[in-house]
Amino acid sequence: MLKLQGIAVSSGVTIGEALVLDSEGFRIPRRFVARSAVDTELQRLSNAIAESTAEIKKNRDAVRGELGEQYAAIFDAHLAMLNDQRLQEELTSAVRERNWWPEYAVSRTLRRYAKVFQNLDNHIAQRAHDIYDIEKSLLRNLLGQRRETLAAISEPVVILAHNLTPSETANLDRRFVKGFATELGGPGSHTAIVAEGLEIPAVVGIGPFLADVSGGEPVILDGNQGVVILQPDEETIARYRLEAEVAETVAASLGQLRDLPAETTDGVRVQIRGNIEFPEEVEQCMRRGSDGIGLYRTEFLYLTSQHEPSEEDHYRAYRKVIDAIDGKPMVVRTLDLGSDKMLTEKSPEEERNPCLGLRSIRLSLRQLPMFRTQLRAILRASAHGDVRVMFPLVSTILELRQARLVLADVMEDLAEHDIDFNPKLKIGIMVETPAAAMMLDAFIEEVDFVSVGTNDLIQYTLAVDRGNKDVADLYSACDPAVIRLLKRSLDIADDAGVSASVCGQMSGSVMYTQLLLGLGLRELSVPAAAIPEIKQAVRSVSIADCQAVAKRVLEMNSARDVKAFLRDQKRRLLAETVA
Ligand code: PEP
Ligand code: MG
């Protein structure tokens, strides 16, 4: 049994069969060969061995020519291993006797060999790398064109991957993917956010571990604690099964809050809205008693589609949401592509620092036809409910003015063609950069609402990449610099009588509920799964107590102190709710 610690990003506990996707993206499920197909599969295996042998020989000859015999010897060692009679017999018998799929046989057998080397405490341990190289070469040749996409998963699995991009995650089939864990990834990455939206338990940023696991092995993934357990024993499996059952009971009891208002003990009504990435999520929000949609991340329309969405594609998606929310508000955020949400892989030379590059509103303002298409669809949808539009990552007032001009122009166009829309639709911005927070007193004159995007605000305030596991400990909503910018933003909005919400992940965590209410926040936008818990927290506190919490926090000057204090407050709150 091997227990790994990573970063918990999407809650829930799951137990299932591992599907391993290494850095080259190989999928190696435990698959069996029909008896009648054994000979064909063995032939495929032997072709792959021959192809790998030829590749290694070619590399050896090239290296010998360039660097001499001494270096070429490395490849001789690979050749000797690959053509080792015992290894070949083992592989053949795994396919013939156990009916293992050749890919599975290669992965299982070679990883077992590699482990033997790894356990030797001397320079021989390095040999394990050679075995992984051979495994990769064989898998490449075996899978060839057959490398399937993640979308083709058709049986329940827990994905263990080197990394998953936000768009890969958005395309996962929730019916079969029971959870995922990755070597890379940070706490605020969009991969994490999508996992939460899809309600798939997830752990990221574990560091290297894929060499310790083979496809098909049982794995426990605890998205609450950020723990992954490989090769678990029976006792541990039983313990986690019980935990999952208890969690279900708690969720069912929280479900009873659905029709109760989010009102503090001293009678202050708080709006709790949902964050969504896909129109389908609106049902989960409404089922949990949401006061509308506070953030619709529309860029996922692009990330889940093979072609650029048309005006009709946008319109259909927005109608689906607005028609499902009973006159409640829907805040549509215009495209927030770029940074970690790329349509295509860019080379580092193209954009060396994508989160400081051409993303969000900057990109929309450069790609006007695409932007106008989206705005037309949003405006058309506004004829059917309380649709509001919000611009992401605004960092200068000129960007806001430009975006408003484009919107006004699109409105004129629609009016000329007698197409219905709401000419008074509310227009807002996200406060996601220190620049926006510092200049908010100017911005506030030109908007109807603001929403603080703490995910990016943390990243840009603290200069910490939200998707990088190596600086994950610095990425914290508890940092006093972030809290002060947040307070400043809420105060300015309040003074101007403009409504303000927080839609970053922070607002979906009970640990921050008292602080946020104490800072004056009355509108929260949270992932659907968090709605019941946040509502329960709101219903258990008084504004006076929350103000006392905020006051204490504002006196602190380190993230560590704030975190310890808020954790303690949360523990007390939960203890009182249970009592
Ligand atoms: C944010 O930055 O807090 C936010 C809500 O936007 P996203 O997470 O999509 O960047
Ligand atoms: Mg953001």
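How many aromatic pairs does a search of the whole structure find? The search finds four aromatic pairs, and it should be kept in mind that this is a predicted model. The points below describe two of these pairs, then a charge placed over a ring, and finally the protein donors of a magnesium ion.

**Aromatic pairs**

- A pair of aromatic rings is described by the distance of the centres and the angle of the planes.
- In the pair of tryptophan 100 and tyrosine 104, the ring centres are 4.9 Å apart and the planes stand at 65 degrees, so the pair is edge-to-face, an angle over 60 being what that term requires.
- Tryptophan 100 is buried, with a relative accessible area of 11%, and tyrosine 104 is also buried, with a value of 0%.
- Phenylalanine 278 and phenylalanine 300 likewise form an edge-to-face pair, with 5.8 Å from centre to centre and 65 degrees between the planes.
- This second pair links distant parts of the chain, since phenylalanine 278 lies in the loop between β9 (271-276) and α9 (281-287), while phenylalanine 300 belongs to helix α10 (residues 300-303), 22 residues apart.
- Both phenylalanine 278 and phenylalanine 300 are buried.

**A charge over a ring**

- Arginine 380 lies over the face of tyrosine 315, at 4.0 Å from the ring centre.

**The magnesium ion**

- The magnesium ion (ligand 2) has Glu432 (OE) and Asp456 (OD) as its protein donors, which lie 2.0 to 2.1 Å from it.
- These donors link distant parts of the chain, with glutamate 432 in the loop between β13 (427-431) and α15 (434-438) and aspartate 456 in helix α17 (residues 454-462), 24 residues apart.
- Glutamate 432 is buried, with a relative accessible area of 2%, and aspartate 456 is buried with a value of 2%.

Technical notes
Residues are numbered from 1 along each chain as its sequence is written. Chains are lettered from A and ligands numbered from 1 in the order in which they are written. This is a predicted model: local features need pLDDT of at least 70, side-chain atom pairs count only at pLDDT 80 or more; totals for chains, interfaces and linings use all residues. Side-chain values use heavy atoms; hydrogens and water are left out. Rings of Phe, Tyr and Trp (its six-membered ring) pair if their centres lie within 6.5 Å; planes under 30 degrees apart count as stacked, over 60 as edge-to-face and the rest as tilted. Buried means under 20% relative accessible area, exposed over 50%, partly exposed in between (1.4 Å probe, protein chains only). Helices (H or I, at least four residues) and strands (E, at least two) are DSSP runs, numbered from the N terminus. A charge sits over a ring if NZ of Lys or CZ of Arg is within 6 Å of the ring centre and within 35 degrees of the ring normal. Donors are N, O and S atoms within 2.8 Å of the metal (3.2 Å for Na, K and Ca); water is not among the atoms, so sites may look incomplete.
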